[in-house]
Amino acid sequence: MYGRTASEQLEDERIVADFLAGTSTGLEGVYRAYGRALYSGARHILENDEDAQDCVHDALLRLWQRSESFRPERGSLRSYLIVCVRNEALARKRAAARHFHIEQRAARDEQAQYELDVSDPIERDRLRRALGALPPEQRAALELAYFGRLTHVQVAERLGEPLGTTKSRIALALRKLGAALGAKGAGAR
Amino acid sequence: MSLANDLGNADLHLGELAELYALGALEPAERGAVEAHASACTACTAALGAAEQTVAALETAFVPSLAPPDRLAARIAASAATVVPLVPRRAAPRIRARTPLFATAAALLLAVGLAGGALVERSSDVAETARESAILATIASSHFNHVTLTARAPAAPISKVLYARNGAWIYLIVDSASCDCRVAVRSAAGVQDAGQLDVRGSTATLFVRGLSRPEAVELRDASGRVLASAKLVYSLR
């Protein structure tokens, strides 16, 4: 995450070291530090407490068992875990949707439900400004992927654009967003 | 689709797939191919990390923060105690410490010389915080690799070593609350004793700095028998 203090970075390094060591204290330490963020992300997507708990537990255990798959070049363990749990939650949600033929909700419906609960309004304003600065076609593709939780194939279908064009727009938009937020360079810890 | 085959080609990199992965916009098979490629490609791992950092920022901004139920912490703690990591845990009972590792004397910082001017920092509880801060500061300001030690004896505890990519330091972490093991560092000059592990809670650690690209790290019992070892690999740069 951006703008972390030196003491937060030191704490992160301690957590990373213990987690990578594959010790039980490492797993518990990571959960203490990032459990709230991981659970919040899973809960937001799965809309169910029990499912979110299962998702976080299973994903975190799997990542801890294979902690060597996290390489230092990746950068932030927190970001890595957040994305892994998000991917796990999305996979479960999509599988359930396919199974029960449930239509995916529109992104705006999902957002409206939590509008008053967001805990970091300053960060949200910053992100909104950065999103607003993107070219409209890139912003639309990125928002369908992130807020709409669609795959790149679904985004292309929704926008009626070629798949290659859609993939490029999504990727470019996220890179520009990262640059606007001051993402650290590759390999930075 | 041919994604998996494409990524198997060493000349190709993830490109925009890094961002699509971080956003969760790929199908499961595509995600697997991306992870497999990234595991062998440093440049793509870094690109993935940058994309993940941006998505994490989106999550921080737009996802409501909810406290997980206490029972999830208990469930994870229970799993941590019972689930067997893919890196196999010890097959034999833990080694028992014969003597306390720290005396309760006043603050003490011993510098034990090693070949090439290596220093092993040891301390009492009083100096522990400062010592840990210095170690963490060194690790935080460095690029490092990590590798699990391979067991060479049945009694080997699970252990891992973090090591600076420039070979200047190692940080050994052993999953044992009672380990009177010593650490040896192997280099072109031979094998040097780097000192005894410090037990902290349920783990034992040793930080050794002032090294010059050691080739291997060994965990030895009190009699000098090698319990576990790891080869340290450095990039060509």
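# Helix crossings and a sheet in a predicted model

Visitor: Which elements of chain B have the lowest and the highest mean pLDDT?
Guide: In this predicted model, strand 1 (residues 109-113) of chain B has the lowest mean pLDDT, 26, and helix 2 (residues 17-23) of chain B the highest, 96, among the elements of chain B. pLDDT is the predictor's confidence in each residue, from 0 to 100. Over residues 86-127 of chain B the pLDDT is below 50. Chain B averages 72, with 68% of the residues at 70 or above.

Visitor: What makes a run of residues a helix or a strand here?
Guide: Both are DSSP runs, numbered from the N terminus: H or I over at least four residues for helices, E over at least two for strands. Residues are numbered from 1 along each chain as its sequence is written, and chains are lettered from A in the order in which they are written. Local features need pLDDT of at least 70, and side-chain atom pairs count only at pLDDT 80 or more.

Visitor: Why are helix 2 of chain A and helix 5 of chain B called roughly antiparallel?
Guide: The axes of helix 2 (residues 24-46) of chain A and helix 5 (residues 70-82) of chain B cross at roughly 150° and come within 10 Å. Axes are lines fitted to C-alpha atoms over the stretch in contact, with angles from 0 to 180 degrees between N-to-C directions. Angles under 35 degrees count as roughly parallel, over 145 as roughly antiparallel, 65 to 115 as roughly perpendicular and the rest as oblique. The two helices are therefore roughly antiparallel.

Visitor: Which residues make that contact?
Guide: Among them are Leu27(A) and Tyr31(A) of helix 2 of chain A and Ile76(B) and Ala80(B) of helix 5 of chain B; contact means heavy atoms within 4.5 Å.

Visitor: Why is the pair of helix 2 and helix 3 of chain A called oblique?
Guide: Helix 2 of chain A and helix 3 (residues 49-65) of chain A pack at about 140°, with axes 9 Å apart. That angle falls in none of the named ranges, so the pair is oblique.

Visitor: What makes strand 4 and strand 8 of chain B edge strands?
Guide: The open sheet of 5 strands in chain B has the order 4-12-11-7-8, with antiparallel pairing. Strand 4 (150-151) and strand 8 (190-196) each have a single partner strand, so one side of each is left without a neighbour in the sheet.

Visitor: How do you know that strand 7 and strand 11 of chain B pair?
Guide: Pairing requires at least two DSSP bridges between two strands. Strand 7 (residues 182-187) and strand 11 (residues 216-220) of chain B have 5 bridges, in the antiparallel sense. Ala216(B) in strand 11 is the bridge partner of Arg186(B).

Technical notes. Heavy atoms only, no water.
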